[in-house]
Amino acid sequence: MSNPADSTNLMEAIVSLAKRRGFIYPSSEIYGGLNGFFDYGPLGSELKKNIRDCWWNDMVRRRDDVVGLESSIIMHPKVWEASGHVAGFSDPLVDCKVSKNRYRADQLFFAPVVIDGKTVAYVSALESEKTTEELQAAAELYKRKKAIVGTLAPVQPKDFTEATETEIPLIPSPGTGEPGSLTAPRAFNMMFQTNVGAMSDASSVAYLRPETAQGMFVDFKNVIDTTRVKLPFGIAQIGKSFRNEITPRNFIFRSREFEQMEMEYFIHEDADWSKCHQEWIEWCRQWLLSIGLPEAKLSLYAHKKEKLAFYSKGTTDIMFEYPFGVQELWGIAARGSYDLTQHGIASGKPQEMFDETTKKKFVPHVIEPAVGVDRILLAVLCAAYAVEDVTDEKGNTEQRTVLRLSPRIAPVKVAVLPLIKNKELLVARAKDLYTKLKRKYAVQYDDGGAIGKRYRRQDEAGTPWCVTIDFDTIEKPGDTFTLRERDTMKQTRITEAELFKLLDEQVY
Ligand code: GAP
């Protein structure tokens, strides 16, 4: 069995499959694309919608303590002043004055080249799985090229935010390979600006939201005044967010326009926030397993106390093992009462609740699970992708590409395949089944080419089941079809009622 899942080419294979099968295209491709923006094609938009729908159903509809919200993307600019985004939503930016390339300082690594205890030069490399190896190789190359005799110490990588004023001019730019052209890091605000109304001046400046979360804080009072929610309760939202990332990368992992699914869970100021935080971490982990992510690829990372924002009580990320490294998938933050307090002060309308027991007003605290739909979708594609050797009944071996997507999120749940397309009775039965199925499920009708080819086509699209309407269907009693299962490729016979039961159980 050969499987590029083991190779470093996995990302390339996934990007290529995503394009070829209509999952994901570069945005505005006919004009050369736009870095950090993507379009979801016919299969991709179904997959994305299914991820959103599963989350919404499990997070909002199936819980009694969470309600939904859809707030506007452009909000009053004061929202972003109060939340701290105008002043502080920035990444450290480094310019190369010669190549004109821009880097995120925390993704640009450097190390001194130390020979016999003396620093003789510096080397640099962009963040990757192999940063340390690349820096070591660059240091060895420098020593060889300059014919320096002595013992080279193992490199000690640091990121560019840690570079001292004396070190900055000595660190080579990845754009030129030469030192002297990198600037000191400066804060770059990642919010996209626009203007509201006909006048474009300072008074009309507004922002595309960089997160959906602030909608839930700003509508907090509206929700408690118009529903019967009682603490603890959550407000959830799915929607687009925009960040002018300095280095969008790794396909849809870090893009400039992406979609978030966030939930603000409000608790009493005296509640056991740590217990609640742990419960939400486990809920999120279980949810990821429920849409088919393998447990072995998930891990938890608790942020170090000293790196947290001053108001934060704790943040744990659920990490996923992407082909390009273990990276943040879902952040679960305990944010205290920071956001509601800030909006209370800035708007002059305290965002408080009344405690019937103590007869005192208080500002609720919040636990926030925040995840990107695109990041989940990429994790799902990476985990589902496989290329394997299969042997047919005649003993011939061929390769098949298969996406082992969970039936919960697969873009097409079942494909209806008439064995041949010129037998009237057979086609009529296939079309009848197709019409009935598509009232409830995303189904494809495919009568093009040999049956084996059609199975392969569905394997690549991640369709969990194919049903073939064959001669036994129309000639033998029982009105059964061949059910072909994607992962095992096993074929069994099934009736229409059994097929609906199977789908009902597996697609929820
Ligand atoms: N309200 C909190 C918040 O937005 P965040 O960690 O900045 O927190 C939450 O973002 C999640 O949104 C991340 O864990 C990630 O899944 C997703 N996300 C953030 N920036 C992204 C980007 N540039 N591209 C794709 N997804 C992103």
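This talk walks through a predicted model, beginning with the ligand and moving on to the empty spaces and a few single residues.

Let me start with the ligand, and with the residues that stand around it. There are 18 residues around the ligand, and those that come nearest are Glu 211, Arg 243, Glu 245, Glu 262 and Glu 328. If we sort that shell by class, we find eight charged residues, together with six nonpolar and four polar ones.

Which atoms of the protein sit opposite the polar atoms of the ligand? I will pick out three pairs, and the first to mention is at Glu 211, where an N or O atom of the side chain is 2.7 Å from a nitrogen atom of the ligand. At Gln 260 the partner on the ligand is an oxygen atom, and a polar atom of the Gln 260 side chain lies 3.0 Å from that oxygen. With Leu 329 it is the backbone that takes part, since a polar backbone atom of this residue is 2.8 Å from an oxygen atom of the ligand. As for how much of the ligand is covered, the ligand taken alone exposes 560 Å², and the protein buries 89% of that area.

It also helps to ask which elements give two or more residues to the shell around the ligand. They are three strands, namely E13, which covers residues 257-267, E16, which covers 325-336, and E19, which covers 365-372. Strand E19 gives the most to this shell, with four residues.

Now I would like to turn from the ligand to the empty space in the protein. Rolling a probe the size of a water molecule over the atoms shows where such space is left. The second largest pocket holds about 470 Å³ of space. Its lining is made of 18 residues, of which Asp 392, Glu 393, Gly 452, Tyr 455 and Arg 456 are the closest to the centre of the pocket. At least two residues of this lining come from each of strand E20 (385-391), helix H12 (451-461) and strand E25 (481-485), and H12 gives the most, with four residues. By class, the lining of this pocket divides into seven charged, six polar and five nonpolar residues.

Besides pockets there are cavities to consider, and how many of 30 Å³ or more does the structure hold? There is one, and the largest cavity has about 30 Å³ of space. Among the residues that line the largest cavity are Phe 217, Phe 266, Tyr 338, Leu 340 and His 365. Helix H9, residues 338-347, and strand E19 each supply at least two residues of this lining, so to speak of E19 here is to return to a strand that we met in the shell around the ligand. The most is given by H9, with three residues, and the lining as a whole has six nonpolar residues, three polar ones and one charged one.

I will finish with some single residues, beginning with His 268, which lies in the loop between E13 and helix H8 (273-290). A polar atom of the His 268 side chain lies 2.9 Å from the backbone nitrogen of Asp 270. Leaving aside residues up to four places away in sequence, His 268 touches Leu 231, Asp 355 and Phe 362. Leu 231 is joined to Pro 232 by a cis peptide bond, with omega at about -5°, and Pro 232 is placed in the loop between helix H7 (220-226) and strand E12 (233-242).

Another backbone detail is found at Lys 100, where phi is near 70°, a positive value in a residue other than glycine. Lys 100 has its place in the loop between strand E4 (90-95) and strand E5 (102-104).

The last residue on my list is Tyr 434, which lies in helix H11, residues 424-438. Not counting residues up to four places away in sequence, Tyr 434 touches Val 416, Val 443, Gln 444 and Tyr 445. Between the C-alpha atoms of Tyr 434 and Arg 61, which are 373 residues apart along the chain, the separation is 29 Å.

Notes. Residues numbered from 1 in each chain as written. Predicted model: local features only at pLDDT ≥ 70, side-chain atom pairs only at ≥ 80, totals over all residues. Heavy atoms only, no water. Near = heavy atom within 4 Å. Polar contact = N/O pair within 3.5 Å; in protein donor to acceptor, adjacent residues only side chain to side chain. Areas by Shrake-Rupley, 256 points an atom, 1.4 Å probe, with all protein chains shown as cover. Nonpolar A, V, L, I, M, F, W, Y, C, P; charged D, E, K, R; others polar. 1 Å grid on protein atoms, 1.4 Å probe; cavity = no way out; pocket = protein on both sides within 12 Å on 5 of 7 lines; lining within 4 Å. Points joined across faces, edges and corners; volume = space filled by probe spheres on them. Contact = heavy atoms within 4.5 Å.
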